[in-house]
Every structure is written in C-alpha cells, then in structure tokens.
Amino acid sequence: MKTLLVIDDEESVRYSFRSIFSADGVEVLTAATGQEGILIARTRKPDVVVVDLQLPDMSGLEVFAEIH
C-alpha cells in the first residue's frame, strides 16, 4: 500500500485528501504543523508528501528541507 502524507494547517484540506485518496487504497497520513509532519515523515517514511507553503510554525520550504 502506498502512503501519502499531507501537511496542512487547514482541516478541510486534510479531510479532502483523506476522502479522495483513501478510496483508492492509499494510506493517508496528515499533520497540522510542520514539526508534526517532519516527525511523521521520519517515522513512517511516506511515498509522497504534500506540504502547504504557509504553516503556523514554519514554512513549507523549511519542512521540505528537513524531510529531504
């Protein structure tokens, strides 16, 4: 099973990704902050990560650099 991590502070965005991709057999992990997303990425090693550029605790580019 493929794993998708969505890092976004808006619940509606996280919900939409879960609704759309879970139906296709994708495990969808979500995080509301950059730090939470980084922790999930390090422990779960998702296949794909979608990151919002403006998060409450850091920028999406900072999250990308940490995960990369």
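These questions and answers walk through the sheet, the helices and a ring pair of a predicted model.

Me: In what order do the 3 strands of the open sheet lie?
Reply: The pairing in this sheet is parallel. β2 and β3 each pair on one side only, which makes them the edge strands. The order is β2-β1-β3.

Me: What is the average twist from one strand to the next?
Reply: The strands concerned form an open, parallel sheet. From one strand to the next, the twist averages 15°.

Me: How many bridges join β1 to β3?
Reply: β3 covers residues 48-51 and runs parallel to β1. Within this pairing, L4 stands opposite V48. L5 stands opposite V49. The number of bridges is 4.

Me: Which residue of β2 stands opposite L5?
Reply: β2 spans residues 27-31. β1 and β2 pair in the parallel sense over 5 bridges. In β2, the residue opposite L5 is L29.

Me: What is the handedness of the β-α-β crossover from β1 to β2?
Reply: The two strands pair in parallel. Between them the chain passes through helix α1, residues 11-22. The crossover is right-handed.

Me: Are the residues on the two faces of β1 buried or exposed?
Reply: In a regular strand, side chains alternate between the two faces of the sheet. In β1, T3, L5 and I7 lie on one side, with L4 and V6 on the other. The strand runs from residue 3 to 7, and 5 of its 5 residues fall in one class. Both faces are covered, and these residues are all buried.

Me: At what angle does α2 run to β2?
Reply: Helix α2 is made of residues 34-44. This helix lies across β1 and β2. Its angle to β2 is about 145°.

Me: Are the rings of F17 and F21 stacked or edge-to-face?
Reply: The count of aromatic pairs comes to 1. The ring centres of F17 and F21 are 5.8 Å apart, and the planes meet at 15°. Planes under 30 degrees apart count as stacked. So the pair is stacked.

Me: How many residues apart are F17 and F21 in helix α1?
Reply: Both phenylalanines belong to α1. Their spacing is about one turn of the helix. That is 4 residues.

Me: Which accessibility class does F21 fall in?
Reply: Buried means under 20% relative accessible area, and exposed means over 50%. F17, at 23%, counts as partly exposed. F21 has a relative accessible area of 31%, so its class is partly exposed.

How values were computed
Residues are numbered from 1 along each chain as its sequence is written. This is a predicted model: local features need pLDDT of at least 70, side-chain atom pairs count only at pLDDT 80 or more; totals for chains, interfaces and linings use all residues. Side-chain values use heavy atoms; hydrogens and water are left out. Buried means under 20% relative accessible area, exposed over 50%, partly exposed in between (1.4 Å probe, protein chains only). Two strands pair if DSSP finds at least two bridges between them. A crossover is right-handed if, with the strands pointing away from the viewer, the path from the first strand over the helix to the second runs clockwise. Rings of Phe, Tyr and Trp (its six-membered ring) pair if their centres lie within 6.5 Å; planes under 30 degrees apart count as stacked, over 60 as edge-to-face and the rest as tilted. Axes are lines fitted to C-alpha atoms, for helices over the stretch in contact, and angles run from 0 to 180 degrees between N-to-C directions. Contact means heavy atoms within 4.5 Å.
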